[in-house]
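This report introduces a protein chain to a reader who has not met it before. Please keep the sequence and the model in view while reading.

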Amino acid sequence: MHSAARILDANLNRAREALRVLEDIARFALDDRELSGELKSMRHALRDAAALLGIDDLELIAARDAVHDVGKDIKTQAEGERESLRSVASAAGKRLTEALRSIEEIAKALPGAIRAPARGGMNDAEPRAAAQPDEPAWRAFERLRYRAYDAEMRTVLALGSPRRATWKLCVIVTKDLCRHHSWLDVANEAIEAGADCIQLREKDISDAELLARARVLVELCHTGGSRVAAVINDRPDIALLAGADGVHLGQEDMSVADVRRLSGARLLVGVSTANILHATRALREGADYCGVGPMFPSTTKHKDTIAGLEYLKKYLEYEPRLPPHLAIGGIAPGNIDLVAKTGATGVAVSSAVCESMHPGDVVRRLLGAMTRTRDAGPGASPIEG
């Protein structure tokens with residue numbers, strides 16, 4: 001019994017510690033009230049489940065022997081390295097589920113483990129309570145383990161890709177909009193003028209031609225001293241084959257979760273949003289950034305409803321904190337100041353650059369306006385990735 005108590009004590013401690021790490025991330029890094037509440041509820045459910053093991057707290061503490069633990073000094077290099085908050089959350093989630101599985105298996109062999117009481121042992125208003133009436137103790141830990149899988153997924157997805165970035169200016173290139181130069185020359189001028197992201201948006205060409213253009217764009221963006229992000233509109237398959245940095249999805253395209261199943265962390269995933277409902281769904285699914293708009297009417301893409309600057313303001317003020325953003329829709333040198341003063345730290349433009357005789361000059365004017373507004377004082381509201 002002493003060895004079983006040692007195993008249970010160690011794994012209950014591991015589970016509590018992992019839950020606290022995940023809860024702190026949800027609470028202080030993601031500002032996610034719902035997820036924080038779920039993780040806190042799981043800590044309480046763990047306490048209730050532990051009471052079913054038939055071993056009191058004093059016996060568990062007495063079985064502890066950290067000084068002579070033969071495994072305490074067995075470490076791998078990976079245990080001392082965490083490359084991002086996302087990797088911290090992932091490690092905590094795995095530690096939690098492993099600990100719960102260990103407790104679950106030991107509980108099956110405990111002669112003193114009790115069944116959850118038929119009355120008074122659960123609150124009918126809490127369908128996800130740790131134990132159901134008259135079920136064995138190990139079932140309570142199994143139930144918690146499945147909740148842990150879900151909590152780990154929600155936390156890690158909400159933190160997005162480990163390569164999540166905030167761009168200042170994304171130029172969206174479409175061949176038919178480029179009146180005075182080829183689409184590739186427009187992209188090249190935009191990069192030379194300081195754009196840090198180029199998105200290829202083509203709706204009416206063959207897959208073979210789209211892939212060929214995507215590969216050319218990726219080579220252009222990834223050549224030279226400063227690497228510029230290359231994003232493909234709508235098509236994660238094309239983005240992967242071309243070696244692009246990301247894919248941008250509309251509301252009618254496949255979900256972020258489906259793209260993650262195809263690409264894992266290989267692609268940054270952006271989502272067009274027109275309201276807070278769209279944005280919070282993108283957050284839950286793990287989008288790396290959101291297109292926020294349209295800010296103004298646009299000749300590039302007709303919209304029946306203009307979200308406007310008011311939506312941008314709501315996006316920036318929303319809690320929990322939403323992913324990095326690109327304000328989009330009808331943005332040009334004549335109105336960029338309004339967008340920047342509202343607090344945008346990144347914008348996406350298309351016609352203003354593609355249709356210009358001097359696309360590089362337009363890019364410099366847009367970036368200059370963003371910089372002036374930021375340096376002038378209140379207005380800029382950076383969102384960390």
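Is Thr371 buried, partly exposed or exposed? Thr371 is partly exposed, with a relative accessible area of 26%. A residue counts as buried under 20% and as exposed over 50%, so a value of 26% places Thr371 in the class between them. Thr371 belongs to helix α14. Its C-alpha atom is separated by 8.8 Å from that of Ala340, a residue 31 positions away along the chain.

**The chain as a whole**

The model is a predicted one. The chain has 385 residues, of which 46% count as buried. It contains 14 helices and 8 strands. Taken along the principal axes, its C-alpha atoms fill a box of roughly 80 × 45 × 40 Å. Among contacts between residues at least 6 apart in sequence, 67% join residues at least 24 apart.

**Helix α2 and its surroundings**

Helix α2 covers residues 33-50, which makes 18 residues. From its first C-alpha to its last it reaches 26 Å, close to the 26 Å expected at 1.5 Å a residue. At its N-terminal end the helix is capped by Asp32, which places a side-chain oxygen 3.2 Å from the backbone nitrogen of Glu34.

The buried residues of α2 are Leu35, Ser36, Glu38, Leu39, Met42, Ala45, Leu46, Ala49 and Ala50. An α-helix has 3.6 residues a turn, so residues three or four places apart point the same way. The buried residues of α2 pack against three other helices, namely α1 (2-29), α4 (85-108) and α5 (137-158).

The loop between α1 and α2 holds Asp31. The phi of Asp31 is near 55°, a positive value in a residue other than glycine. At 30% relative accessibility, Asp31 counts as partly exposed.

**Salt bridges**

Side chains of opposite charge can pair when their charged atoms come close. In this chain the count comes to 25 salt bridges. Three of these pairs are set out below.

| Pair | Closest N to O distance |
|---|---|
| Arg43 and Glu23 | 2.6 Å |
| Glu34 and Arg154 | 3.8 Å |
| Asp361 and Arg364 | 3.0 Å |

What does the pair of Arg43 and Glu23 tie together? Arg43 lies in helix α2 and Glu23 in helix α1, so the salt bridge ties together parts that are 20 residues apart in sequence. Glu23 counts as buried, at 5% relative accessibility.

The salt bridge of Glu34 and Arg154 links distant parts of the chain, for Glu34 lies in helix α2 and Arg154 in helix α5, 120 residues apart. Glu34 is exposed, with a relative accessible area of 60%, whereas Arg154 is partly exposed at 22%.

Asp361 and Arg364 both lie in helix α14 (residues 359-376) and are 3 residues apart, about one turn of the helix. Asp361 is partly exposed, with a relative accessible area of 37%, and Arg364 is partly exposed as well, at 45%. Elsewhere, salt bridges that share partners join Arg101, Glu104, Glu105, Lys108 and Arg145 into one network.

**Helices α6 and α14**

How do helices α6 and α14 meet? The axes of α6 (residues 183-193) and α14 come within 8 Å and cross at roughly 35°. The crossing is right-handed. On the side of α6, the contact is made by Val186, Glu189, Ala190 and Ala193. On the side of α14, it is made by Pro359, Gly360, Val363, Arg364 and Leu367. Arg364 thus takes part in this contact and also in the salt bridge with Asp361.

**Backbone features in the loops**

Most residues other than glycine have a negative phi, and most peptide bonds are trans. Some places in this chain depart from that pattern. One is Asp31, with its phi near 55°. Another is Asp234, whose phi is near 75°, again a positive value in a residue other than glycine. Asp234 lies in the loop between β3 (229-233) and α8 (236-242), and at 18% relative accessibility it counts as buried. A cis peptide bond joins Gly293 and Pro294, with omega about 5°. Pro294 is found in the loop between β6 (289-292) and α11 (308-317).

Technical notes:
Residues are numbered from 1 along each chain as its sequence is written. This is a predicted model: local features need pLDDT of at least 70, side-chain atom pairs count only at pLDDT 80 or more; totals for chains, interfaces and linings use all residues. Side-chain values use heavy atoms; hydrogens and water are left out. Helices (H or I, at least four residues) and strands (E, at least two) are DSSP runs, numbered from the N terminus. The expected span of a helix is 1.5 Å times one less than its number of residues. Buried means under 20% relative accessible area, exposed over 50%, partly exposed in between (1.4 Å probe, protein chains only). Contact means heavy atoms within 4.5 Å. A polar contact is a pair of N or O atoms within 3.5 Å; within protein, one must be able to donate a hydrogen and the other to accept it, and residues adjacent in sequence count only if both atoms are side-chain atoms. A salt bridge is a side-chain nitrogen of Lys or Arg within 4 Å of a carboxyl oxygen of Asp or Glu. Axes are lines fitted to C-alpha atoms, for helices over the stretch in contact, and angles run from 0 to 180 degrees between N-to-C directions. A crossing is left-handed if the near helix is turned anticlockwise from the far one by less than a right angle, and right-handed if clockwise.
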